Structures are given as structure tokens and as C-alpha cells.
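Colleague: I should like to understand how the descriptive terms for this model are justified. Please set each value against its definition.

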Amino acid sequence: MDGKKDISRLTDQVLNSLDGIQRAETQPFFYTRLMAKMETGSSNEWNKWMSILSRPVVSLGILLVFLMINGYLIFSKMEAEKDVSMASSDYTVMQVSYMDNNPELP
Amino acid sequence: MPDSAVKYVPKSDETDLVARLKQGDESAFRIIVETRKDLVYNTALGLLQNAGDAEDITQEVFIKVYESVHQFKGESAFSTWLYRIAVTKSLEMIRNRKRKKRFAFITGLFGDSNELRHDPPDFVHPGIQLDNREKASVLFKAIEKLPENQRIAFTLHKVEGVPYQEISEIMKITVSAVESLIHRAKANLRKWLEDFYLNEM
């Protein structure tokens, strides 16, 4: 029972521990550092792009698009090969038929 | 409410400074930075609980202000606009940190295990009275567990001393919604702290 009371009292103290808090201040020469950062804006642009690209949603999205393009290319290549093989088999059949029909030729 | 370093700029002067900044006056920008840097820093520090990250965010906030001051229409106070940018940027960093933590095992595979960054040490706010530091450190650990909106409302009110009315403008919600968020935040913190001390015993 006392333990519960102690915990409740301690919790109240913790919840009130921010009373009278003072505002935190930046380190001296903040404006100088800010100006330096603004002058190197281009590298920040690069970092910004890298941070966007490193997001899982973005990187997984790019990967998915890449895989879809890859799949499409492989599929269309297979289709093209199938067409070529069908055309060549047609050609072979035609040749055989021609020879069969002209036995007098050398 | 924090009472140190509050540098009051009258509304008319603020309007004038913003107008000058819109015309590209760098001295106006310097005055804005010098009078508002601690407001932004303290807000970011309360949310991020890391001095280095809070400094980075403070710089980013003022860069954003410089680049997009023309978007500020004066419908709300300039400080409200600053708070909003500071909160948004801080939340972006928190989400970024969570992503890094989630993928920490991958970075670990490549020998880049920034353990300190993924699991930072207990945070001590520099503006806390000496005898309250240990308790406040536990409270900040509990604040980290709060849902995003409760965390923003509670931190703005308790760490930066922003009144409910201005929090409602920053978060674009009603005052009663702010009251509700802070009430729920306190209830959640109490529950977390009681569990914490129960396990400690």
C-alpha cells in the first residue's frame, strides 16, 4: 500500500519536474554558423536528395519500377525470340516442301 | 513557463522586419535570427532531446524562413509561423531517426553501427533546475513514448511555455482539441511512469 502511495507521489514529482524550466539557449556565434551553412547550400541540396532517396518507400518504389522494366524487357525479348523461332520453322517447312516438289533439280 | 531570454519584439516592429526581409534586407534577417533563435532552438530541443540535432534544425528553420518569407501572409503571428516550421522540421528528423533505427541492423552489417546515435544517452535539458534534473530526465524518456500530436502539444506547453491558443494555431486544431491532447498526454505519461517505477521496485 505504501509502495503504491510512494509511486504515485514520485510520479507527481516527475510530472511537475518541468515547472520553472528556463529556455535553452543556442551556443555563441549562431548567426556566423548559420551564414556558413547558407553559403554551402549546394551540398545541403545533395544531402536533401540523398535523404529522400534513402526513404524505404522511395527506394522500394524505385526498385519496384526497376524490376517492372526488367520484367517487361525480358518478356518482350522472349516474345521476339518466339516470333523468330516460329518464322524460321515456317521457312524450314517451306524449303522442305519446295525440294519435295522439285525432285529433278540437282 | 520559461522566463529567460524572452526577447520581445513589438508586433509593429515584427511586421516591419518581415517586410524588410521580403525585400532582401539582410540586417532584418539578422535581427530576426538574433531575437528568435532561442525560441526555435528550445522548441527543437524539447522535441528532439539532442543539442546537436536541435542546432541543425534551428539553422534549417532560419534557412527556410529566408527562402520562403514571401509565403508568410501575416495571417498568424510570425512566432506561430516559426513554431510551425520548427515543429515540422523536428518531426521530419524524428521520423528520419526512426527509419535509421529500423535499418540499424543493415548499417551494422556494413560496420557502421552508430550505437550512440541509435540509442542516445538520457537527455538532460539545460534549463531544468539542478534538483529536478534526474526526474526530468525520466519524464523526457516518457515523453518520447507519446503519440506525435500529444508529444507536440505537451512539449510546446510545458517546455516552451506556449499558451493553448497559440498551440491551436500552430497545430491548426481547436483549443479544446489542444486541451484534450495535453490531458491525454498527462494520463499516458502517468501510466508509463507508474509502470516504470513499479518495475524499478
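Modeller: Buried means under 20% relative accessible area, exposed means over 50%, and partly exposed lies in between (1.4 Å probe, protein chains only). This is a predicted model in which local features need pLDDT of at least 70 and side-chain atom pairs count only at pLDDT 80 or more, while totals for chains, interfaces and linings use all residues. Residues are numbered from 1 along each chain as its sequence is written, chains are lettered from A and ligands numbered from 1 in the order in which they are written, and side-chain values use heavy atoms, with hydrogens and water left out.

Colleague: Why is Glu55(B) called buried?

Modeller: Its relative accessible area is 12%. Buried requires a value under 20%, so Glu55(B) is classed as buried.

Colleague: What makes the pair Glu55(B) and Arg33(A) a salt bridge?

Modeller: A salt bridge is a side-chain nitrogen of Lys or Arg within 4 Å of a carboxyl oxygen of Asp or Glu. The side chains of Glu55(B) and Arg33(A) have an N to O distance of 2.7 Å, and the criterion of 4 Å is therefore met. In general, side chains of opposite charge can pair when their charged atoms come close.

Colleague: Where do the two partners of that pair lie?

Modeller: The pair crosses between chains: Glu55(B) is in helix α3 of chain B, and Arg33(A) is in helix α2 (residues 30-39) of chain A. Helices are DSSP runs of H or I with at least four residues, strands are runs of E with at least two, and both are numbered from the N terminus. Arg33(A) has a relative accessible area of 29%, so this residue is partly exposed.

Colleague: How many salt bridges does the rule find across the interface of chain B and chain A?

Modeller: The rule finds four across that interface, and the structure holds 14 over all chains. One of those between the chains joins Glu160(B) and Arg23(A), with an N to O distance of 2.3 Å. Eight residue pairs across the interface are in polar contact, both residues being at pLDDT 80 or more. A polar contact is a pair of N or O atoms within 3.5 Å; within protein, one must be able to donate a hydrogen and the other to accept it, and residues adjacent in sequence count only if both atoms are side-chain atoms.

Colleague: Which helix supplies the largest share of the side of chain B that touches chain A?

Modeller: That share, eleven residues, comes from α2(B). The residues on this side divide into 27 nonpolar, eight polar and 15 charged. Here Ala, Val, Leu, Ile, Met, Phe, Trp, Tyr, Cys and Pro count as nonpolar, Asp, Glu, Lys and Arg as charged, and the others, Gly among them, as polar. The contact, meaning heavy atoms within 4.5 Å, takes 50 residues from chain B and 29 residues from chain A. About 3,800 Å² is buried between the two chains, 65% of it on carbon and sulfur atoms; buried area is the accessible area (1.4 Å probe) that two parts lose on being put together, summed over both.

Colleague: Why are Glu34(B) and Arg30(B) separated by about one helical turn?

Modeller: They are separated in this way because they are four residues apart in helix α2 of chain B. Their side chains meet in a salt bridge at 4.0 Å, N to O. Glu34(B), at 28% relative accessibility, counts as partly exposed, and Arg30(B), at 43%, is partly exposed as well.

Colleague: What links Arg36(B) with Glu14(B)?

Modeller: A salt bridge does, with the closest N and O atoms 2.3 Å apart. This pair links distant parts of the chain, Arg36(B) being in helix α2 and Glu14(B) in helix α1 (residues 11-22) of chain B, 22 residues apart. Both residues are buried.

Colleague: Why is Ala142(B) called buried?

Modeller: Its relative accessible area is 2%, so Ala142(B) is buried. The residue lies in helix α7 of chain B and touches Leu189(B), Trp192(B) and Leu193(B), not counting residues up to four places away in sequence. The C-alpha atoms of Ala142(B) and Leu189(B) are separated by 6.1 Å, although these residues are 47 apart along the chain.

Colleague: What makes Ser76(B) buried?

Modeller: Ser76(B) has a relative accessible area of 18%, and is therefore buried. This residue is found in the loop between α3 and α4 of chain B.
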